[in-house]
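Work through these exercises with the model open beside you. Try each task before you read its solution.

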Amino acid sequence: MTTCVFIQIRCKPGTTYRVAEGIALKEIHSELFSTSGEYDLLMKLYIPEGEDVGKFINDNLLDIDGIERSLTTLTFKAF
């Protein structure tokens, strides 16, 4: 079973479109949105079964140039 996470991404000024393009090229996201507020992008991502969440995000997302900070929210099947 995969793990669904939401990742808020803050980009360095002027790099949001480049970061979004870098994410799209990697084809790892389920959904990607531009947002207002403290973070610039919101990404829905499914972590493959057996993968460490932090390592997967670090290895597959945070190497994109222009990402300044991220905030990951894990989801749990509660109902």
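## Exercise 1: The hairpin

Task: Find the residue with a positive phi in the hairpin of E2 and E3, and describe how the two strands pair.

Solution. Six residues lie between strands E2 and E3 in this hairpin, and glycine 37 has a positive phi near 105°. This is a predicted model: local features need pLDDT of at least 70, side-chain atom pairs count only at pLDDT 80 or more, and totals for chains, interfaces and linings use all residues. Residues are numbered from 1 along each chain as its sequence is written, and side-chain values use heavy atoms, with hydrogens and water left out.

Next, place the strands. E2 covers residues 29–34 and E3 covers residues 41–47. Five bridges pair them in the antiparallel sense. Strands (E, at least two residues) and helices (H or I, at least four) are DSSP runs, numbered from the N terminus. Two strands pair if DSSP finds at least two bridges between them. One bridge to check: phenylalanine 33 has leucine 42 in E3 as its partner.

## Exercise 2: The sheet

Task: Write down the order of the four strands in the open sheet. Which are the edge strands?

Solution. The order is E2-E3-E1-E4, with antiparallel pairing. E2 and E4 (67–74) are the edge strands, as each pairs on one side only. On average, neighbouring strands are turned by 20° against each other, direction ignored. Angles run from 0 to 180 degrees between N-to-C directions; axes are lines fitted to C-alpha atoms, for helices over the stretch in contact.

Now look at E1 (residues 3–11). Seven bridges join E1 to E3, and the two run antiparallel. Glutamine 8 has leucine 42 in E3 as its bridge partner.

## Exercise 3: The helices

Task: State which strands helix H1 touches, and give the angle between H2 and E3.

Solution. H1 (residues 16–26) packs on the sheet. H1 touches E1, E2, E3 and E4, where contact means heavy atoms within 4.5 Å. The direction of H1 makes about 15° with that of E3. H2 (residues 53–60) lies across E1, E3 and E4. H2 runs at about 125° to E3.

## Exercise 4: Salt bridges

Task: How many salt bridges does the structure hold? Examine three of them.

Solution. The structure holds four. A salt bridge is a side-chain nitrogen of Lys or Arg within 4 Å of a carboxyl oxygen of Asp or Glu.

- Aspartate 63 and lysine 26 meet at 3.1 Å, N to O. Aspartate 63 is in the loop between H2 and E4, lysine 26 is in H1, and they are 37 residues apart.
- Glutamate 31 and lysine 44 meet at 3.7 Å, N to O. Glutamate 31 lies in E2 and lysine 44 in E3, so the pair ties together parts 13 residues apart in sequence.
- Aspartate 59 and lysine 55 have their closest N and O atoms 2.6 Å apart. Both lie in H2, four residues apart, about one turn of the helix.

Now check burial. Buried means under 20% relative accessible area, exposed over 50%, and partly exposed in between (1.4 Å probe, protein chains only). Lysine 44 is at 18%, so lysine 44 counts as buried. Glutamate 31 is at 33% and is partly exposed.

## Exercise 5: A charge over a ring

Task: Which ring does the charged end of arginine 10 sit over?

Solution. The ring belongs to tyrosine 39, and the charged end is 5.0 Å from its centre. A charge sits over a ring if NZ of Lys or CZ of Arg is within 6 Å of the ring centre and within 35 degrees of the ring normal.
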